[in-house]
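Let's practise reading a protein model together. Work through each exercise on your own before you look at the solution.

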Amino acid sequence: MTTPSPISADGLMPPPGCPAHGMARNGLVRLPEVTDPAATYEGLRKQHGPVAPVLLHGDIPAWMVLGYRENLEVMRTPKLFSRDSRLWNAFIENRVPADSPLMPMVAWQPLCVFADGDEHARLRGAVVDGLAQFNRRGMRKYVTHYTRQLVAGFRRDGTADLVRDYAEPLPMLVVSRLLGMTPDKGPLLVEPTLDLVRGSETAAASNAVVTQVLTDLVAYKKTTPGDDLASRLILHESQLTDTEVVEHLRMILVAAHQGTVNLIAHTLRLILTDRRFRGSLSGGQMTLPDALEQVMWDNPSIATIPGRWATSDTMIGGQHIRKGDLLMLCIAAANVDPEQRPDLSVPMHGNRSHLALSAGPHECPGGDIGRAIADTGIDELMSLLPDMALAIPETEIGVTSNWLTKRPDALPVRFTSPRSLGDLHPAQGAPVAAQPLPAASNPQQHSRPPAAVSSQQGSWWRSLLSR
């Protein structure tokens with residue numbers, strides 16, 4: 001099969017023989033237009049095998065890696081498949097405009113995710129050491145504190161949308177504090193961070209907002225360090241530049257927020273809709289950590305990772321890959337590869353060999369942070385509202401999907417608004433406020449600061465036994 005190749009010399013169309021030439025006739029998939037990712041991936045697998053040609057924004061050709069084994073091969077072979085996006089032939093030939101929605105995710109930056117070899121080791125070492133300070137016990141304090149705040153802010157009519165009102169804000173509130181921000185900054189970054197990953201027309205502007213907040217944070221922490229990730233990166237022996245610190249904070253913020261939002265949303269949907277899941281829990285066959293791993297298999301938070309760039313002409317999955325071609329790692333398709341999981345109904349309890357956190361030298365170093373936020377947050381939420389139930393039929397749950405992610409777009413629930421919501425008190429050991437950042441040029445305050453609430457005894461999971 002001919003490799004997707006650059007546009008022709010006239011700058012108008014790909015040359016004859018290229019899969020992108022006559023896209024409609026050749027049936028190549030435009031990833032930005034995909035509305036049913038799972039069906040699309042399986043259609044690509046049947047048509048092309050474990051590696052398929054696709055089109056990105058602006059009809060730029062790329063390869064979608066669908067197979068489990070092929071994904072592992074790409075992830076574990078940086079000499080053949082580099083993370084350095086400057087190798088991309090589309091960049092070299094000036095086919096990606098500066099305002100392309102692709103840019104926030106694939107434009108080269110001084111980050112460990114765009115480096116290989118010794119430079120990757122230097123940058124990643126600072127990130128790993130910085131994240132190592134956040135143990136699970138310390139994380140629980142933050143997650144519990146903010147879960148109670150958010151629940152106290154739910155509407156008094158006993159309804160809430162668990163995506164908008166809970167899954168989206170919780171990870172940002174927690175992660176922004178770990179980075180060293182003051183409590184007022186987290187809520188302001190929720191929408192820009194989500195928009196950045198959507199690949200929307202405003203993605204570049206949203207990226208600029210996030211980057212500016214982090215630039216201000218680093219400038220402040222250089223003079224007033226604290227016990228936070230920004231300070232740890234600034235002071236690390238790897239001697240990161242200010243730009244490297246800012247970019248790594250942005251990477252961690254975006255990845256931890258987006259990934260954990262999707263993990264929480266998918267898990268809550270499963271809890272609210274799948275009676276077999278509840279039965280398994282009540283039978284003692286599945287713990288909450290097992291449930292989270294099952295979601296990582298079936299609905300990985302980041303469905304597609306862009307990307308890897310071929311360092312030379314090669315072959316993978318039966319396809320001829322040219323030097324400089326972009327490969328998109330489709331984790332969602334790899335995790336359901338029929339060669340690995342011929343029967344998707346078989347539970348994957350205790351099996352962490354999914355690719356939701358990638359693999360090889362670029363495996364996500366913060367996976368345990370996302371697990372801790374989701375695990376503690378879901379358990380605490382359901383302890384506070386044990387009679388929570390879906391307010392709409394399961395069939396009416398919509399899906400928000402884009403070229404990188406997929407999750408429920410809303411989870412409206414109803415619950416008995418307990419008197420305890422009015423009587424809840426701050427948790428003991430609640431996080432102490434960080435030192436304030438310099439005032440922004442147009443400061444905004446969180447429009448609805450929720451009152452703090454206290455925990456209730458007992459885990460919601462145990463309440464399933466009595467249902």
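**Exercise 1. How do E2 and E3 run, and how many bridges join them?**

Step 1. Strands E2 and E3 run antiparallel, and 5 bridges join them. Strands (E, at least two residues) and helices (H or I, at least four residues) are DSSP runs numbered from the N terminus, and two strands pair if DSSP finds at least two bridges between them.

Step 2. Look for a facing pair: Val-51 stands opposite Val-65 in E3.

Step 3. Now follow the turn. E2 and E3 make a hairpin with 5 residues between them, and Gly-58 in that turn has a positive phi of about 75°.

Before you continue, note that this is a predicted model, where local features need pLDDT of at least 70 and side-chain atom pairs count only at pLDDT 80 or more, while totals for chains, interfaces and linings use all residues. Residues are numbered from 1 along each chain as its sequence is written, and side-chain values use heavy atoms, with hydrogens and water left out.

**Exercise 2. Which strand runs parallel to E3, and how many residues of E3 are buried?**

Step 1. E3 is joined to strand E9 (residues 326-330) by 3 bridges, and these two run parallel. Here Met-64 stands opposite Met-328 in E9.

Step 2. Check the cover. Of the 5 residues in E3, 5 are buried, where buried means under 20% relative accessible area, exposed over 50% and partly exposed in between (1.4 Å probe, protein chains only).

Step 3. Sort the side chains by direction: Pro-61, Trp-63 and Val-65 point one way from E3, while Ala-62 and Met-64 point the other way.

**Exercise 3. Which parts of the chain does the salt bridge of Arg-30 and Asp-59 link?**

Step 1. Start with the idea: side chains of opposite charge can pair when their charged atoms come close. The cut-off for a salt bridge is a side-chain nitrogen of Lys or Arg within 4 Å of a carboxyl oxygen of Asp or Glu. The structure holds 22 salt bridges.

Step 2. The side chains of Arg-30 and Asp-59 meet at 2.6 Å, N to O. Arg-30 belongs to strand E1 (residues 29-30) and Asp-59 to the loop between strand E2 (51-55) and strand E3 (61-65), so the pair, 29 residues apart, links distant parts of the chain.

Step 3. Arg-30 is partly exposed, at 28% relative accessible area, and Asp-59 is partly exposed too, at 29%.

**Exercise 4. Where do Glu-42 and Arg-45 lie, and is each buried or partly exposed?**

Step 1. Glu-42 and Arg-45 form a salt bridge of 2.8 Å, N to O. Both sit in helix H2 (residues 37-48), 3 residues apart, which is about one turn of the helix.

Step 2. Glu-42 is partly exposed, with a relative accessible area of 26%, whereas Arg-45 counts as buried at 14% relative accessibility.

**Exercise 5. Which residues share a network with Glu-293?**

Step 1. Glu-293 forms a salt bridge with Arg-371, the closest N and O atoms being 2.5 Å apart. This pair links distant parts of the chain, with Glu-293 in helix H15 (residues 288-298) and Arg-371 in helix H17 (residues 367-384), 78 residues apart.

Step 2. Both Glu-293 and Arg-371 are buried. Salt bridges with shared partners join Glu-293, Arg-352, Asp-368 and Arg-371 into one network.

**Exercise 6. Which residues form one aromatic cluster?**

Step 1. Use the rule: rings of Phe, Tyr and Trp (its six-membered ring) pair if their centres lie within 6.5 Å; planes under 30 degrees apart count as stacked, over 60 as edge-to-face and the rest as tilted. By this rule the count comes to 3 aromatic pairs.

Step 2. Trp-88 and Phe-91 are edge-to-face, at 4.9 Å centre to centre with 75° between the planes, and both are buried.

Step 3. The ring centres of Trp-88 and Trp-309 are 6.4 Å apart and their planes are at 55°, so this pair is tilted. Trp-88 lies in the loop between strand E4 (81-82) and helix H4 (89-92) and Trp-309 in strand E6 (residues 304-310), so the pair ties together parts 221 residues apart in sequence.

Step 4. Put the pieces together: Trp-88, Phe-91 and Trp-309 form one aromatic cluster.
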